[in-house]
Each structure stands twice: as structure tokens, then as C-alpha cells.
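Subject: Two-chain model, with notes

Hello,

Here is the structure you will be working with. Please look through it first; my notes are underneath.

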Amino acid sequence: MQPQAEMVHWLFATGFLLLSLFLLAEAVVGEEVWRRRAWRAYLWPSFAFAMGVFMWPVMTFFTNSTIHMVAHGSWAQVMMLAGGAELGLVRGKLHSALWRLATPFAFLVSGLAFLLHEQNPWFFQRSAFLHHFLGWTLVLGTSVALLRALRPRWVVAQTGFALLFAVVAVALFCDRDLAPVFGHLSPLAGAPHR
Amino acid sequence: MTTSTATHVETRTDLRTRIVGALGPATILAGLVWAVVQPWRITLLHPHDQGFWWLFVEPPLLVVLAGLAFHRFVARPLLEDLAEG
């Protein structure tokens, strides 16, 4: 009855796609119009926080090694931290601008967790490729998140930040439990099941 | 000068309206194109002997649903606010 790991990735991909759309729309219309309805201001931070919460059952039920568990646990923590910090800033409960650094920090930790918990090379199989790809996307994307934190009203940084989530969504939608990547599939990986 | 500024503001608002209005439909279109290019990702097209999760989680349809939900619940109210100026 439990969904396969790839399905969980696709569900999270949908979440990241929605996050991307929210952020892109905010970047296009500007903060003033976006926050004209109070619920909209809380939309993406609470969504990110909720995705962090949902990462805990993923950590519990879908990890088959300690390193996987630690990686998923760290994603859960930093997603909740970033979402919570952004919520606090929007609500006015947090005043220090340093809280804006929670999101770049989450990007860096998430990227490193991807890179450190993938022990196979890029072309071992598709999920290995995507782990490397997502890891470097997030590590390099930290600079975009940092720019957004330092210059929150800069449209270029906002748009780049939104597009990062779109890239993450596409990568997660491409994930399969066992499949070739660009024609490469290590015999050690096993046979594709579907 | 004032007319020029007003026209500029209207043009910017118009552009924003078009982009926000297009985000949802573009996402829906992407999901539909994906479904056509990789029909085997839609398990509903060959549902025989499939378990619940294979029928419930269909990536191209998730993309379409995300686009629909965004357009209906986020973009439309946002377009109303943009129209109010």
C-alpha cells in the first residue's frame, strides 16, 4: 500500500512547481500587489514549511540507510527553518534581517546533503545523476538565494529564485527508482522494473 | 510628460497581467504536452492490474493540476488586484 519512492519524488515535485509559480507571480507583480491580500503573503513560506513537515514521514518510511535518513532529516529541518523564518519575517514577529539568511542556508545544506549522500557517480543511473544535478543546482543556487536575501526587491534575484524551484521540480519529475540516464545504466544498478 | 508616464504604467501593468494570466495555462500546456510525448506516464490510459498509487500519482496530470490550482486560486485573485490598480 506504500507508494514507491519515485512517486513521493513526483509529489514533492508538484509542491516545488507550485512554490515556483507562487514566487514567479510575486516577482512579476511586486511585493505591494502580492501582499494586498494577507493570505498571499503567507502562501509560499507556509507551503515550504508544510513540505518540510511532510519530509519527516518520508524520512521515516522511505530511507533504507543511515546516510539517506540523515539527508532526508536535514531537508526536513532546513525547509521548516526557511519556511518558518520567512513566515516570521512576513508576520513581523522576526525583525532582524539576518533571518533572511535562513533560506540561503537551507539551499546550501540541502545541496550538500544531496551531494554527500549520493555515493555513485553521475552516470550510474538516473537517480544518481539527479542527486548530483540537484546537489550542484542547490549549492550554486545558494548565491541566487543569497542575492534575494540581500536585495529582496530585486526582480532578477526574485525571478532567479523562483526558477530554481522550477528546475528542482523538473528534476524530481524526471526521477525514477531505477532507469537509465542518457543511455547509461550501470549493470550494478540492476534491471529497470518498469 | 504625465500622459507618457501614465501610458508607461499602464503598459507595465498590462504586461504583468499577461504574464500572471499565462503562468497557469502555460503550466497546464506543459503537462498536456508531456502526456502526449510520454503517454506511458499516464497509467490511467492502461489501468488494468495497476495498484492504487500508480493510478493516483500520474506526473503529467500532477503538472496539469498544479497549473489549474494556481490559475484558479492564486492567479485569478491576483489579476483582480492588478486590475484594481
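The notes below start with confidence, then take up chain B, its contacts with chain A, the nonpolar core and a few backbone oddities.

**Confidence**

This is a predicted model, so please read everything here in that light. For the complex, the predictor reports a pTM of 0.93 and an ipTM of 0.91. The mean pLDDT of chain B is 89, and 88% of its residues score at least 70. Within chain B, the element with the highest mean pLDDT is α3(B), at 96, while α1(B) has the lowest, at 87.

**Chain B as a whole**

Chain B contains 3 helices and 0 strands, in the order α-α-α from the N terminus. It has 85 residues, of which 21% count as buried. If we take its contacts between residues at least 6 apart in sequence, 71% of them join residues at least 24 apart.

**Helix α3 of chain B**

This helix covers residues 59-84, which makes 26 residues. From first C-alpha to last it reaches 36 Å, close to the 38 Å expected at 1.5 Å a residue. The helix does bend, by about 40°, at B:H71. B:H71 is also one of the buried residues of α3(B). Others in that buried set include B:P59, B:P60, B:L62, B:V63, B:F70, B:L78 and B:L82. Just past the end of the helix comes B:G85, with a positive phi of about 85°.

B:L68 also sits in α3 of chain B, but it is not on the buried list. With 15 other C-beta atoms within 10 Å, B:L68 counts as partly exposed, because a residue needs 20 or more to be buried. Leaving out residues up to four places away in sequence, B:L68 touches B:G24 and B:I28. Its C-alpha atom is 10.0 Å from that of B:L23, a residue 45 places away along the chain.

**Where the chains meet**

How many residues of chain B are in contact with chain A? There are 18, and they meet 18 residues of chain A. On the chain B side, α1 (2-37) and α3 each supply at least two of these residues. The most come from α3(B), which gives 11. By type, the chain B side divides into 15 nonpolar, 2 charged and 1 polar.

B:R16, in helix α1 of chain B, has contacts in both chains. Not counting residues up to four places away in sequence, B:R16 touches A:V28 and A:V29 as well as B:L82. B:R16 and B:L82 are 66 residues apart along the chain, yet their C-alpha atoms are separated by 8.3 Å. B:R16 has 18 other C-beta atoms within 10 Å and is partly exposed.

**The nonpolar core and helix α1 of chain A**

The largest nonpolar core has 63 residues. Those with the most contacts inside it are A:F16, A:F22, A:L23, A:A25 and A:M79. Helix α1 of chain A, residues 5-29, gives the most to this core, with 16 residues. Of the 25 residues of α1(A), 22 are buried, so this helix is largely enclosed by the rest of the structure. The end C-alpha atoms of α1(A) are 37 Å apart, in agreement with the 36 Å that its 25 residues should span at 1.5 Å a residue.

For one of the core residues, A:F16, I can list the partners beyond its neighbours within four places in sequence: A:F165, A:V168, A:A169 and A:L172. After α1(A) comes A:G30, whose phi is positive, near 90°.

**Positive phi away from glycine**

Most residues other than glycine have a negative phi. Two exceptions are worth listing, one in each chain.

- A:F182 has a positive phi of about 50° and is not a glycine. It lies in the segment after α7 (155-174) of chain A, and with 9 other C-beta atoms within 10 Å it is exposed.
- B:D49 has a positive phi near 65°. It lies in the loop between α1 and α2 (52-56) of chain B, and with 6 C-beta neighbours inside 10 Å it counts as exposed.

Regards

Note on methods: Residues are numbered from 1 along each chain as its sequence is written. Chains are lettered from A and ligands numbered from 1 in the order in which they are written. This is a predicted model: local features need pLDDT of at least 70, side-chain atom pairs count only at pLDDT 80 or more; totals for chains, interfaces and linings use all residues. Helices (H or I, at least four residues) and strands (E, at least two) are DSSP runs, numbered from the N terminus. The expected span of a helix is 1.5 Å times one less than its number of residues. The bend at a residue is the angle between axes fitted to the seven residues ending there and the seven starting there. A residue is buried if 20 or more other C-beta atoms lie within 10 Å of its own, exposed if 12 or fewer, and partly exposed in between; C-beta atoms are placed from the backbone. Two residues are in contact if their C-beta atoms, placed from the backbone, lie within 7 Å. Ala, Val, Leu, Ile, Met, Phe, Trp, Tyr, Cys and Pro count as nonpolar, Asp, Glu, Lys and Arg as charged, and the others, Gly among them, as polar. pLDDT is the predictor's confidence in each residue, from 0 to 100. A nonpolar core is a set of buried Ala, Val, Leu, Ile, Met, Phe, Trp, Tyr and Cys residues joined through C-beta atoms within 7 Å.
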